[in-house]
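Colleague: I'd like to go through this model with you and press you on the labels. Can you take me from the overall fold down to the side chains?

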Amino acid sequence: MLSLCELRRAAQIIHGKTLGKTLRRIVQPDAMQICLTFEGSAGKQHLLLACSPENARICMTDRREAGASSGSFYEYAHAHLTGSILAAIECSSDNRQISMHLQSRADSFRLLLSILGARSNIYLLDAKGNL
């Protein structure tokens with residue numbers, strides 16, 4: 001599990017590699033992970049978000065995760081986020097939470113990874129902050 005300092009550093013790295021890029025693919029290999037594929041002029045970047053209590057993390061990965069993507073979270077995220085642009089990525093100043101702001105033509109969303117041990121989770125919020 002990442003510390004707040006490590007999470008801040010991860011946010012800086014991810015910001016530099018994915019900001020302004022288009023989200024092309026979403027894969028949910030299991031209930032605790034989601035892999036986002038961003039594409040820009042420099043090629044594809046794969047970003048893994050995991051919220052398992054023991055290994056919650058966010059990281060760039062060389063390969064996209066494979067697996068059967070199903071479930072209501074995946075279906076909603078796929079329907080609303082594919083084709084959106086990563087507009088911002090922010091790390092909370094006092095909590096282990098990282099927020100990704102995704103902007104589509106029709107709406108904006110925030111993907112929030114909360115690293116809180118057994119209560120770790122990934123949330124998808126609309127422009128008003130609703131789940």
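Modeller: Sure. Bear in mind that this is a predicted model. The chain has 2 helices and 8 strands, and along the sequence they run α-β-β-β-β-α-β-β-β-β.

Colleague: What makes the radius of gyration agree with a compact globule?

Modeller: For 131 residues a compact globule would come out near 14 Å, and the chain has 13 Å, so the two agree. The C-alpha trace spans about 35 × 35 × 30 Å along its principal axes. As for contacts between residues at least 6 apart in sequence, 47% of them join residues at least 24 apart.

Colleague: Why is the pair of Tyr 76 and Phe 109 called edge-to-face?

Modeller: Two numbers settle that. The ring centres of Tyr 76 and Phe 109 are 6.4 Å apart, which is within the 6.5 Å cut-off, so they pair. Their planes stand at 80°, which is over 60, so the pair is edge-to-face. The count for this kind of contact is 1 aromatic pair.

Colleague: Which elements does that pair link?

Modeller: Tyr 76 sits in helix 2 (residues 72-81) and Phe 109 in strand 7 (residues 108-114), with their positions 33 residues apart in the chain.

Colleague: Are those two rings buried or exposed?

Modeller: Phe 109 has 5% relative accessibility, which is under 20%, so it counts as buried. Tyr 76 has 38%, which falls between 20% and 50%, so that one is partly exposed. For the chain, 40% of the 131 residues count as buried.

Colleague: How do you know that strand 7 and strand 8 pair?

Modeller: Pairing takes at least two bridges, and strand 7 and strand 8 (residues 121-125) have 5, so they qualify; the sense is antiparallel. Leu 112 stands opposite Tyr 123 in strand 8. The hairpin has 6 residues between the strands, and Gly 117 takes a positive phi near 65° there.

Colleague: What makes Arg 24 and Glu 39 a salt bridge?

Modeller: Their side chains meet at 3.4 Å, N to O, and the cut-off is 4 Å, so the contact counts. A search of the whole structure finds 1 salt bridge. Arg 24 belongs to strand 1 (residues 22-30) and Glu 39 to strand 2 (residues 33-40), so the bridge ties together parts 15 residues apart in sequence.

Colleague: And why are Arg 24 and Glu 39 called partly exposed?

Modeller: Arg 24 has a relative accessible area of 47% and Glu 39 has 32%. Both values lie between 20% and 50%, so partly exposed is the label for each.

Terms used: Residues numbered from 1 in each chain as written. Predicted model: local features only at pLDDT ≥ 70, side-chain atom pairs only at ≥ 80, totals over all residues. Heavy atoms only, no water. Phe/Tyr/Trp six-rings, centres within 6.5 Å; stacked < 30°, edge-to-face > 60°. Helix = DSSP H or I, 4+ residues; strand = E, 2+ residues; numbered from the N terminus. Buried < 20%, exposed > 50% of the residue type's maximum accessible area, 1.4 Å probe, protein only. Rg over C-alpha atoms; globule rule 2.2 N^0.38 Å. Contact = heavy atoms within 4.5 Å.
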